[in-house]
Amino acid sequence: MHRFKVVLALAVAMALVPMASAQPQASQVLRWNVATDLETLDPAKSTGIPEATVIYLLYEGLTQRDAKGRLVPGMAERWDISKDGLTWTFYLRQARWSNGQMVTAADFEFAWKRALDPAVASDYAYQLYYLKNGKAYNTGKIKDAGQVGVVAKDARTLVVTLENPTPFFGDLLSFHTLMPVPKAVVTTTPLWAGKAETFVGNGPFVLKEWRRQNRIVVERNPQYWDAQSIKLARIEFSMIEAESTALAQYEAGQLDGSSNVPVADIPRLMKSGDFKAMPYIGTYYYLFNTTRKPLDDARVRRALAFAINRTLITARITRAGEKPAVGFVPSGIVVNGVDFRAAGGALMPVYDPALAKRLLAEAGYPDGKGFPVLTILYNTSQRHKTIAEAIQEMWRQNLGIKVNLTNQEWKVYLQTREEHNFDIARAGWIGDYRDPKTFLDMFITGSSFNEGLWSNNAYDRFVEATTKTADQTARMKAFHEAEKIFIREMPLAPIYFYVNPILFKPYVQGLESDPTGPPLLRSVWIVGS
Amino acid sequence: MATTIMRKGRPAAVEQERPRVGFWGDAWRRLRRNRAAMAGLWITVFLMIAALIGPPLSPYRYSDQDFDHIFEGPSRAHWFGTDELGRDLLTRVLYGARISLSIGFVASFVNVVIGVTYGAISGYFGGKIDNLMMRIVDVIYGVPLLLWVILLMVVLEPGLINIYIALGTVYWLTMARIVRGQVLSLREREFTEAARALGVSTPRILLRHIVPNTMGPIIVTMTLSVPQAIFVEAFLSYIGLGVQAPMASWGSLASDATEVLRVAPHLVFFPGLAIVITMLAFNFLGDGLRDALDPRLRGTM
Amino acid sequence: MSRFIVRRLVSMLLVLWVVTTLTFALMKAIPGGPFTAEKRLPPEVLVNLEARYRLNDPLWKQYLDYLGNMARFDLGPSFKYEDLTVNDIIREGFPVSAELGVLALLFALAVGVPAGLVSALRQYSTADYISMLWALLGVSIPSFLLATLFIYVFGLRLHVLPAGGWGTPAHVLLPAIALGMYPTGFIARLTRSSMLEVIRQDYVRTARAKGLAEIVVTYRHALKNAIIPVVTYLGPITAAVLTGSFVVERIFAIPGLGRHFVTSIYNRDYTVIMGTTVFYSVFLVGMNLVVDVAYGFLDPRIRFD
């Protein structure tokens with residue numbers, strides 16, 4: 001009897017062994033294509049997605065970067081927010097830099113002020129304009145950095161004072177611009193972030209190797225405070241710009257994942273399950289120059305917008321699962337559990353040629369008669385060209401108007417837009433944080449991003465109002481009203497909401513993607529083969 | 001029929017009367033005998049005719065989109081298949097012929113007129129003139145073409161003219177250098193010295209004696225540079241200098257389609273085939289012309 | 001001869017100066033600068049940034065500063081890659097491009113010259129037609145298409161070579177061939193046509209009649225003359241190929257110098273534009289000098305004055 005129990009126990013144990021071997025056994029090395037070489041690993045100066053991808057591995061901010069936008073404690077164990085929402089106090093945990101020195105609040109104060117320093121001229125300094133005197137310091141109106149609203153009260157306490165109530169400030173805490181930098185290292189070695197030998201970070205990984213245009217290798221940081229939760233031993237980044245080559249390497253087994261995917265292969269890759277359309281808070285649109293006739297007439301703009309068959313474009317041209325735009329703010333901005341786009345609903349039809357024709361006739365151009373020949377401006381790219389060609393045809397068929405297409409090289413195109421030297425310009429915008437403000441405040445009167453020079457006082461007032469209160473319900477209501485006005489006036493024609501196309505193998509588990517673009521690789525593990 | 005011909009100051013000779021055809025007639029006869037060259041000629045003529053009358057004959061326009069039939073391979077409805085917007089590839093290739101053939105001809109013309117003349121003068125006169133002319137060539141080689149192209153794009157309206165200007169600036173450089181090299185060698189030959197001694201004028205020496213003896217490298221360079229012109233045009237159009245979408249040349253069609261090579265190889269194959277066939281045609285024709293015009297072969301074959 | 005070389009060196013410096021000046025002018029004339037970006041900098045910050053890089057100075061001062069630095073071989077910092085100087089970029093990228101370029105040229109010569117010779121000596125034979133067809137295909141198929149095809153066929157389908165990347169001899173083979181195809185075709189055709197010219201000459205026909213020893217000596221002499229156009233062609237091609245091909249390096253993901261020529265212009269990275277242009281021009285004028293000296297050896301009758 002006793003022996004039977006032993007045998008039974010053994011049998012049960014053996015049955016359980018396969019479950020144990022579901023533990024990662026394969027070498028925990030991830031080979032990822034980050035698509036282009038990084039310009040810099042200095043958080044104050046980084047702007048792009050490849051940079052963010054690696055920075056989120058090498059540094060950690062007050063909170064951890066979370067794909068769902070939850071506030072997960074990072075360097076800060078806990079924090080207090082004052083009643084008026086203007087003062088945030090952070091209490092840091094015991095954590096070290098990769099060179100052994102302690103991470104202190106002074107490192108955060110130094111890093112944020114550095115990002116705002118006009119001499120450093122960071123492209124993303126505006127992410128810190130929410131700090132008291134942040135903008136003033138950055139634009140040189142005040143010279144004393146001491147007046148900026150971030151102070152290290154002691155080694156482990158950071159006090160942040162905001163200019164206005166900013167409920168979404170929590171989302172920004174983990175953004176790559178707000179990462180700390182080791183003050184002692186930066187002041188002695190200004191180019192510390194350029195080489196693996198001098199690099200110092202506080203994140204889950206350390207920089208082992210950086211060969212320009214070629215590869216970056218990061219390895220697990222045993223000094224990281226939560227090192228036990230990190231399963232990957234190493235990540236090797238390639239920099240393959242040619243998408244078809246990246247796909248070939250992926251399919252040949254040289255890569256485990258890639259941040260770029262050839263568009264033409266997407267339908268096939270969707271079927272095979274390799275392609276993942278990740279959430280991306282971005283909108284693709286055509287901007288109208290409202291100072292040029294007949295684009296100064298909202299009916300004309302609306303006619304042009306409704307004559308675009310968005311379903312066709314997303315189903316037949318982009319084909320990666322993008323959604324036709326029914327407003328300007330895309331899905332994925334969730335505030336207090338409510339998705340802004342879902343709550344706002346469809347503010348415009350996805351395609352209504354009949355309505356478009358009527359509007360155009362109302363504006364004085366029945367069947368397109370007398371309508372001047374406008375030009376669509378786009379920057380050099382296959383995708384933009386194909387979409388423009390499709391829209392050119394749609395407008396011809398639905399409205400009877402002729403438009404020309406003109407393609408400009410990137411910087412020439414940017415300059416043309418800046419100089420308002422266009423009729424209709426293709427554009428796209430990816431949000432920086434989870435709040436409608438990142439989309440809607442671009443178009444207030446006088447904003448430098450408002451290249452179509454549209455102006456509407458009611459809209460301005462609604463957007464302004466959202467900066468004066470911390471009450472999210474009130475803010476969202478104001479944003480919805482603003483967006484309604486926006487779509488009624490149609491200063492631009494939204495076309496589709498982006499998805500973030502990435503590729504990774506089924507044995508890569510735990511990968512999530514940040515809706516502002518970069519894949520979040522720290523939580524990844526490789527399943528045994 | 002035998003005839004006795006008396007010539008002033010020369011011994012009388014009995015000659016078989018032959019039709020007098022002269023240099024060009026002789027050359028044409030030689031060309032006609034060369035089958036490959038004639039094939040090249042007919043293909044070129046065919047392509048030109050296709051470029052002219054093909055597009056109007058097609059049931060499709062080059063911009064007609066059909067989203068229900070994208071990326072389709074060759075079929076009865078679309079002999080060459082369709083592209084990413086469902087446009088008929090055959091029609092687009094026929095339209096593209098106009099652009100690509102004209103690029104090819106213009107480029108070859110520029111090559112011959114500017115390149116050969118420049119190189120011949122530089123090589124023949126040598127010395128300081130050669131040094132100056134070749135250094136100018138070096139400068140044009142050295143300045144990045146892309147910068148010049150972007151400037152053209154900003155300053156001029158987009159269109160085919162810009163392509164001609166951009167190409168025209170750099171296209172003749174290789175030809176000039178190759179001709180110069182040949183001429184440097186040829187001007188030391190006996191026949192050149194003889195011509196000089198006889199008092200033949202310099203332009204005549206160049207035109208009648210030197211250039212015909214460089215026909216080989218000239219023809220080769222001319223025909224082999226054409227695909228380069230086609231692909232440079234494709235690149236220039238891609239970045240916005242040349243014809244704007246939806247117009248496309250063979251080069252644009254082929255290079256745009258490289259991205260979708262795995263999904264729709266026919267989109268690369270047909271324009272590419274057109275380029276290769278044109279190249280072969282130009283090439284055999286060029287070879288035949290070289291043989292036909294070779295003064296040493298006169299009276300033979 | 002040495003006087004000739006010295007005179008040429010002076011001309012070369014002149015060429016470099018003109019190229020630098022023209023490039024500088026063009027660079028400043030086109031719209032957009034290194035800091036033109038979609039997420040625009042506030043004007044106050046932009047002013048600071050430009051002051052830091054002395055882009056606010058009057059153009060003539062920027063120009064002279066640049067020339068001065070260049071004379072000291074200091075090509076300046078990159079605007080786009082903050083931690084790198086132009087010297088760094090060239091130092092890291094050039095050896096890679098050069099390795100690739102040399103192999104591509106060796107391939108072109110090793111395949112092209114014999115192909116051309118065979119075609120000339122056996123004109124109108126099958127071998128002639130096949131090798132010429134091959135040469136023509138090599139010339140009409142653009143390098144980007146070849147590169148993409150190679151990666152797909154050899155890297156993915158057949159799995160015999162890496163699909164791009166750099167680091168081992170296996171990584172060099174495909175890109176070298178893709179890069180070398182066009183020169184191969186050109187060289188083959190040039191060799192063939194000038195060899196044909198030469199063997200039709202009287203002295204060659206005479207030698208043929210005289211027997212084998214004469215043939216060998218004569219053909220060697222003939223080849224030396226026939227090779228002149230090939231050498232001419234090689235001059236600029238070598239400079240271009242050694243400093244890197246943007247297309248091939250991009251598709252094969254090779255960390256060479258080639259991509260910088262193009263991306264620096266897209267980025268308006270002024271210092272890198274100037275640096276790469278000057279670097280390439282030095283090669284170019286250098287190679288042309290080598291070509292001219294080679295002429296002297298191949299055809300002793302050639303004089304340059």
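**Exercise 1. The surroundings of A:Val186**

Which residues does A:Val186 touch, not counting residues up to four places away in sequence? Determine also where A:Val186 lies and whether this residue is buried or exposed.

*Solution.* The model is a predicted one.

Step 1. Locate the residue: A:Val186 belongs to helix H6 of chain A, which spans residues 183-188.

Step 2. List the contacts. With residues up to four places away in sequence set aside, A:Val186 touches A:Phe110, A:Arg114, A:Val181 and A:Trp192.

Step 3. Classify the burial. A residue is buried under 20% relative accessible area. A:Val186 has a relative accessibility of 7% and therefore counts as buried.

Step 4. Relate the residue to A:Phe443. The two are 257 residues apart along the chain, and their C-alpha atoms are separated by 37 Å.

**Exercise 2. Aromatic pairs in chain A**

Classify the ring pair A:Tyr284 and A:Tyr496 and the ring pair A:Tyr285 and A:Phe328, and state which parts of the chain each pair links.

*Solution.* Over all chains, the count of aromatic pairs is 47.

Step 1. Take A:Tyr284 and A:Tyr496. Their ring centres are 4.7 Å apart and their planes stand at 10°. Planes under 30 degrees apart count as stacked, so this pair is stacked.

Step 2. Place this pair in the chain. A:Tyr284 is in strand E12 (residues 275-288) of chain A and A:Tyr496 in strand E19 (residues 492-504) of chain A; the two are 212 residues apart, and the pair links distant parts of the chain. Both A:Tyr284 and A:Tyr496 are buried.

Step 3. Take A:Tyr285 and A:Phe328. The centres of these rings are 5.4 Å apart, with the planes at 80°. Planes over 60 degrees apart count as edge-to-face, so this second pair is edge-to-face.

Step 4. Place the second pair. A:Tyr285 also lies in strand E12 of chain A, whereas A:Phe328 is in the loop between strand E13 (323-324) and strand E14 (334-335) of chain A; the pair therefore ties together parts 43 residues apart in sequence. A:Tyr285 and A:Phe328 are buried.

Step 5. Extend the view to the cluster. A:Tyr285 and A:Phe328 form one aromatic cluster with A:Phe439, A:Phe443, A:Trp454, A:Tyr459 and A:Phe486.

**Exercise 3. Lysines over aromatic rings**

Identify the ring beneath A:Lys276 and the ring beneath A:Lys505.

*Solution.*

Step 1. A:Lys276 lies over the face of A:Phe504, at 4.1 Å from the ring centre.

Step 2. A:Lys505 lies over the face of A:Tyr250, at 4.2 Å from the ring centre.

**Exercise 4. The nonpolar cores**

Which residues touch the most other members of the largest nonpolar core? Which helix supplies the largest share of this core?

*Solution.* In soluble globular proteins, nonpolar side chains tend to be buried together.

Step 1. The largest nonpolar core has 237 residues, of which A:Tyr286, A:Ile391, A:Trp395 and A:Phe443 touch the most other members.

Step 2. The largest share of this core, 15 residues, comes from helix H13 (residues 270-298) of chain C.

Step 3. Examine A:Ile391. Not counting residues up to four places away in sequence, A:Ile391 touches A:Tyr286, A:Ile308, A:Ile313, A:Ile376 and A:Ile495.

Step 4. Separate from this is a second core of 82 residues, which includes A:Val54, A:Leu92, A:Met179 and A:Tyr433.

**Exercise 5. Chains B and C**

Describe chain B and chain C by secondary structure, burial, contacts and accessible surface.

*Solution.*

Step 1. Secondary structure. Chain B has twelve helices and two strands, and its pattern along the sequence begins β-β-α. Chain C has 13 helices and zero strands.

Step 2. Burial. Buried residues account for 57% of the 301 residues in chain B and for 60% of the 305 residues in chain C.

Step 3. Contacts. Among contacts between residues at least 6 apart in sequence, those joining residues at least 24 apart make up 70% in chain B and 73% in chain C.

Step 4. Surface. Chain B has an accessible surface of about 13600 Å², 67% of which belongs to carbon and sulfur atoms. Chain C exposes about 12700 Å², with 70% supplied by carbon and sulfur atoms.

Step 5. Extent. The C-alpha atoms of chain C fill a box of roughly 85 × 55 × 30 Å along the principal axes.

**Exercise 6. Confidence**

Where in chain C is confidence lowest, and where is it highest? Consider chain A and the complex as well.

*Solution.*

Step 1. Chain C averages a pLDDT of 87, and 97% of the residues score at least 70. Confidence in chain C is lowest in helix H8 (residues 202-210), at a mean of 71, and highest in helix H4 (residues 86-121), at 92.

Step 2. Chain A averages a pLDDT of 91, with 95% of the residues scoring at least 70. Over residues 15-24 of chain A the pLDDT is below 50, and this stretch has two contacts in the model beyond near neighbours in sequence. Where pLDDT is low, the predicted coordinates should not be read in detail.

Step 3. For the complex, the predictor gives an ipTM of 0.88 and a pTM of 0.88.

Notes. Residues numbered from 1 in each chain as written. Chains lettered and ligands numbered in written order. Heavy atoms only, no water. Helix = DSSP H or I, 4+ residues; strand = E, 2+ residues; numbered from the N terminus. Buried < 20%, exposed > 50% of the residue type's maximum accessible area, 1.4 Å probe, protein only. Contact = heavy atoms within 4.5 Å. Areas by Shrake-Rupley, 256 points an atom, 1.4 Å probe, with all protein chains shown as cover. Phe/Tyr/Trp six-rings, centres within 6.5 Å; stacked < 30°, edge-to-face > 60°. Lys NZ or Arg CZ within 6 Å of the ring centre and 35° of its normal. pLDDT = per-residue confidence, 0-100. Core = buried A, V, L, I, M, F, W, Y, C linked by side-chain atoms within 4.5 Å.
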